[in-house]
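Subject: Structure handover and findings

Hello,

Here is the structure for you to work with. Please open it alongside this note.

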Amino acid sequence: PTGVIANLNLPGPANALAVAGDQIFVATGFYGLAIIDGARFDNPILQGQLDLAGNATGIGVDPNLGIAALATGGGLALVDVSDPMVPVLLRTVPINAQRVLVHDGVAYAAVGGDVAVVDLNTGELLQTLDLPQSYGPITGMARDGALLFTHSEGFDLLRTIDISVHDDIRVVGEVAVPIAQGDVGLHAGNGLVWLAGSGLNSVDVSDPAHPVRLGQPGGVGFFAARRISLN
């Protein structure tokens, strides 16, 4: 059987999710952060909440450090989530973060058309990578291993970014993927990047320096999409 298995009402919209083990961390718009126990998929339980300034639209979590990073528009909020019942705001990094991914103790935040690199432990801004020819904000982000993938408005460019050195990330390749919306869902894995928006696009990134757009699935045509995940 298919369909909805369970529901859990939250005080605000679930703008973004991050999952670590059985815990689900949710950016709930102007209400901040919600932490959910998802050990029983048919009975999710709200464990803790934390109000934050701004509008939380992106979230990432480092389970080893017990720190979550939330993009709130007016800042990047770093929250201690080691006790899910009592999350505590550690500090707010003053950058205009709209999206964020977390990997290996570092947060990669979309700030307009740039990528800001922030140390989760200290809140130090390690680097700001100016993406060339980004005449518009970053519309989607994904990561696979030591590669970060971003899609930006303007020239509609999908970029491959080497993040193997935290304070020296760099663009290694790019390809145009036209998408007529400002919110693009990216999923990366197995040498491919999938982009949900204006239908479904796929890009071969097995050679990060020379990504190749494979196109859209035949016979599907245009359809609205926001997010994608492959198992």
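Below is what was found, going from the whole chain down to single residues.

**Overall**

Please keep in mind that this is a predicted model. The chain has 20 strands and 0 helices. Along its principal axes, the C-alpha trace spans about 50 × 45 × 25 Å. The radius of gyration is 17 Å. A compact globule of 231 residues would come out near 17 Å, so the chain agrees with that expectation. Of the 231 residues, 48% count as buried.

**The largest pocket**

How much space lies in the largest pocket? The figure is about 1100 Å³. Its lining is made up of 37 residues. Nearest the centre are Leu17, Ile59, Val100, Leu101 and Met141. Five strands each give two or more residues to the lining:

- β1, residues 16–20
- β5, residues 58–62
- β9, residues 99–103
- β13, residues 138–144
- β17

By chemistry, the lining divides into 19 nonpolar, 12 polar and 6 charged residues. Two of the strands in that list, β9 and β17, come up again below.

**The sheet β17 to β20**

This is an open sheet of 4 strands. The order is β17-β18-β19-β20, and the pairing is antiparallel. Which strands stand at the edges? They are β17 (185–189) and β20 (212–215). Each has a single partner strand, so one side of each is left without a neighbour in the sheet. Neighbouring strands here are turned by 25° against each other on average, ignoring direction.

Now the pairings inside it. β17 and β18 run antiparallel and are joined by 5 bridges. Within that pair, Gly189 stands opposite Leu192 in β18. Strand β18 covers residues 192–196, and β19 covers residues 200–204. They also run antiparallel, with 5 bridges joining them. Leu192 turns up here too, standing opposite Asp204 in β19.

Is β17 enclosed or open to its surroundings? All 5 of its 5 residues are buried, so the strand is largely enclosed by the rest of the structure. Both of its faces are covered. Gly185, His187 and Gly189 are buried on one side. Leu186 and Ala188 are buried on the other. In a regular strand, side chains alternate between the two faces of the sheet.

The turn after β17 is another matter. β17 and β18 form a hairpin with 2 residues between them. Asn190 lies in that loop. Asn190 has a positive phi of about 55°, although it is not a glycine. With 81% relative accessibility, Asn190 counts as exposed, the cut-off being over 50%.

**The run β9 to β11**

β9 and β10 pair in the antiparallel sense over 5 bridges. Leu101 has Tyr108 in β10 as its bridge partner. Leu101 is also one of the residues nearest the centre of the largest pocket.

β10 spans residues 106–111. Of its 6 residues, 5 are buried, so β10 is largely enclosed by the rest of the structure. On to its next partner: β10 runs antiparallel to β11 (residues 114–119), and 6 bridges join them. Val111 has Asp114 in β11 as its bridge partner.

What sits in the two turns? Start with the hairpin of β9 and β10, which has 2 residues between the strands. Asp104 lies in the loop there. Its phi is positive, about 55°, although Asp104 is not a glycine. Asp104 counts as exposed at 55% relative accessibility. The hairpin of β10 and β11 also has 2 residues between the strands. There, Gly112 takes the positive phi, near 65°.

**One buried histidine**

His151 is found in strand β14, residues 147–152. Is His151 buried or exposed? His151 is buried, with a relative accessible area of 1%. For orientation against the run above, take Val106 as a reference point. His151 and Val106 are 45 residues apart in sequence. In space, they are 20 Å apart, C-alpha to C-alpha.

Best regards

Note on methods. Residues numbered from 1 in each chain as written. Predicted model: local features only at pLDDT ≥ 70, side-chain atom pairs only at ≥ 80, totals over all residues. Heavy atoms only, no water. Pairing = 2+ DSSP bridges. Axes fitted to C-alpha atoms, helices over the stretch in contact; angles between N-to-C directions. 1 Å grid on protein atoms, 1.4 Å probe; cavity = no way out; pocket = protein on both sides within 12 Å on 5 of 7 lines; lining within 4 Å. Points joined across faces, edges and corners; volume = space filled by probe spheres on them. Nonpolar A, V, L, I, M, F, W, Y, C, P; charged D, E, K, R; others polar. Buried < 20%, exposed > 50% of the residue type's maximum accessible area, 1.4 Å probe, protein only. Rg over C-alpha atoms; globule rule 2.2 N^0.38 Å.
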